[in-house]
Amino acid sequence: MRLTLHIWRQKGSNDAGSMVQYEHTTVSPHMSFLEMLDVLNEDLIARGEEPVAFDHDCREGICGSCGFMINGIAHGPQPATTVCQLHMRHFKDGDVLYLEPWRARAFPLVKDLVVDRSAFDRIITNGGYVSVSTGSAPDGNAVPIAKRNSDLAMDAAACIGCGACVAACPNAAAALFTGAKISHLGLLPQGQPERSQRALNMVVQVKRELFGSCTNIGECEAVCPKEIKLEVIARMNRDYLKASWTDRGDSARAEG
């Protein structure tokens, strides 16, 4: 296969960037998208040019490290697929592809197609966990959980934090990611003691990170490689509002 690649090249967040065109003539339909870039980088290095920087780790659609825009679509045209699991057989000989990094103020650019997504880590640090005493694991049947709740929790826990939802959202909102992290804990008995404070703390941190506001456009769900549903945002909003009113009521009683 022969491809024309227009790739965003930028040395750092403080440098000017531009699209650079490459003619890639040794593409196999059996390659993954990242393997295709590996071959391109080998050719660039052989010519003494700077290779294209892109993020990756497991290359199995699990870690969430990879991710960039392909012809304006986060992770590319194949639904429910990360870039590392996208294969070149889904493209045609002679295709022209435009590769760009995630575009969001909360995801500052590092280099080329790589962005800093540590804002997600800080959101998790502010409540995306369950505080439990250490010790031996409890018996699997000791805590009854309704089948519907366990299914919903597992669906939400599938989020890999890739950032595609933020990149696709016109507002650069992190609602789908945060909603998924709040939901998968809030649906389980183990997450109930900290449920209210978790929602408050994580939503406040989202605002600190300068993500935009959610306006329920739905682009996040459309590009999510793990098909996280918008209902997690509704669940997050419900928990946050309930916790906010409870917090205000407690403050009022304390002042009274």
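Reader: Hi! Before we look at the rings, what makes two of them pair here?
Author: Hello! Rings of Phe, Tyr and Trp (its six-membered ring) pair if their centres lie within 6.5 Å. Keep in mind that this is a predicted model.

Reader: Good, noted. How many aromatic pairs does a search of the whole structure find?
Author: The search turns up 6 aromatic pairs. One of them joins F33 and F68, with 6.0 Å from centre to centre and 55 degrees between the planes, and the pair is tilted.

Reader: Where in the chain do F33 and F68 come from?
Author: From distant parts of the chain: F33 belongs to helix 1 (residues 33-46), while F68 is in the loop between helix 1 and strand 3 (69-70). They are 35 residues apart.

Reader: And is F33 buried or exposed? Same question for F68, buried or exposed?
Author: F33 has a relative accessible area of 0%, so it is buried. F68 is buried too, at 1%.

Reader: Nice. What about F120 and F177, how are their rings arranged?
Author: Their centres are 3.7 Å apart and the planes meet at 5 degrees, so this pair is stacked. It also links distant parts of the chain, with F120 in helix 2 (residues 118-125) and F177 in helix 5 (residues 175-186), 57 residues apart.

Reader: How accessible is F120? And F177?
Author: F120 is buried, with a relative accessible area of 4%. F177 counts as buried as well, at 3% relative accessibility.

Reader: Which residues do ring pairs link into a cluster?
Author: F107, F120, F177 and F211 are linked into a cluster by ring pairs.

Reader: Let's switch to charges. What sits over the ring of W8?
Author: That would be the charged end of R103, 4.5 Å from the centre of the W8 ring.

Reader: W8 is in strand 1, I guess. What is on each side of that strand?
Author: Both faces are covered: L3, L5, I7 and R9 lie on one side, T4, H6 and W8 on the other, and all are buried. In count terms, 7 of the 7 residues of strand 1 are buried. L5 in particular, part of strand 1 (residues 3-9), has a relative accessible area of 0%.

Reader: How far is L5 from R195?
Author: Their C-alpha atoms are separated by 47 Å, and the two residues are 190 residues apart along the chain.

Reader: Now the sheet. In what order do the strands go?
Author: The 5 strands form an open sheet in the order 2-1-5-3-4, and the pairing is mixed. At the edges are strand 2 (18-24) and strand 4 (73-74), each pairing on one side only.

Reader: Mixed how? Which way do strand 1 and strand 2 run, parallel or antiparallel?
Author: Strand 1 and strand 2 run antiparallel, joined by 7 bridges. W8 stands opposite M19 in strand 2. Strand 1 and strand 5, on the other hand, run parallel and are joined by 4 bridges, with I7 opposite L99 in strand 5.

Reader: And what about strand 3 and strand 5?
Author: Those pair in the antiparallel sense over 2 bridges, strand 5 being residues 96-100. The bridge partner of M69 in strand 5 is E100.

Reader: Great. I'd like to talk pockets. What volume does the largest pocket have?
Author: About 320 Å³. It is lined by 17 residues, and the closest to its centre are V203, K207, C214, M236 and N237.

Reader: Which elements give two or more residues to that lining?
Author: Helix 5, helix 6 (195-208) and helix 8 (231-255) do. Helix 8 gives the most, with 5 residues.

Reader: What's the make-up of the lining of the largest pocket?
Author: It divides into 11 nonpolar, 5 polar and 1 charged.

Reader: And the second largest pocket? What is its volume, for a start?
Author: Its volume is about 150 Å³. There are 13 lining residues, and R117, F120, D121, I160 and G161 are the closest to the centre.

Reader: Oh, F120 again! Where does the largest share of that lining come from?
Author: From helix 2, which gives 4 residues to the second largest pocket. The lining as a whole divides into 6 nonpolar, 4 polar and 3 charged.

Terms used. Residues numbered from 1 in each chain as written. Predicted model: local features only at pLDDT ≥ 70, side-chain atom pairs only at ≥ 80, totals over all residues. Heavy atoms only, no water. Phe/Tyr/Trp six-rings, centres within 6.5 Å; stacked < 30°, edge-to-face > 60°. Buried < 20%, exposed > 50% of the residue type's maximum accessible area, 1.4 Å probe, protein only. Lys NZ or Arg CZ within 6 Å of the ring centre and 35° of its normal. 1 Å grid on protein atoms, 1.4 Å probe; cavity = no way out; pocket = protein on both sides within 12 Å on 5 of 7 lines; lining within 4 Å. Points joined across faces, edges and corners; volume = space filled by probe spheres on them. Nonpolar A, V, L, I, M, F, W, Y, C, P; charged D, E, K, R; others polar. Pairing = 2+ DSSP bridges.
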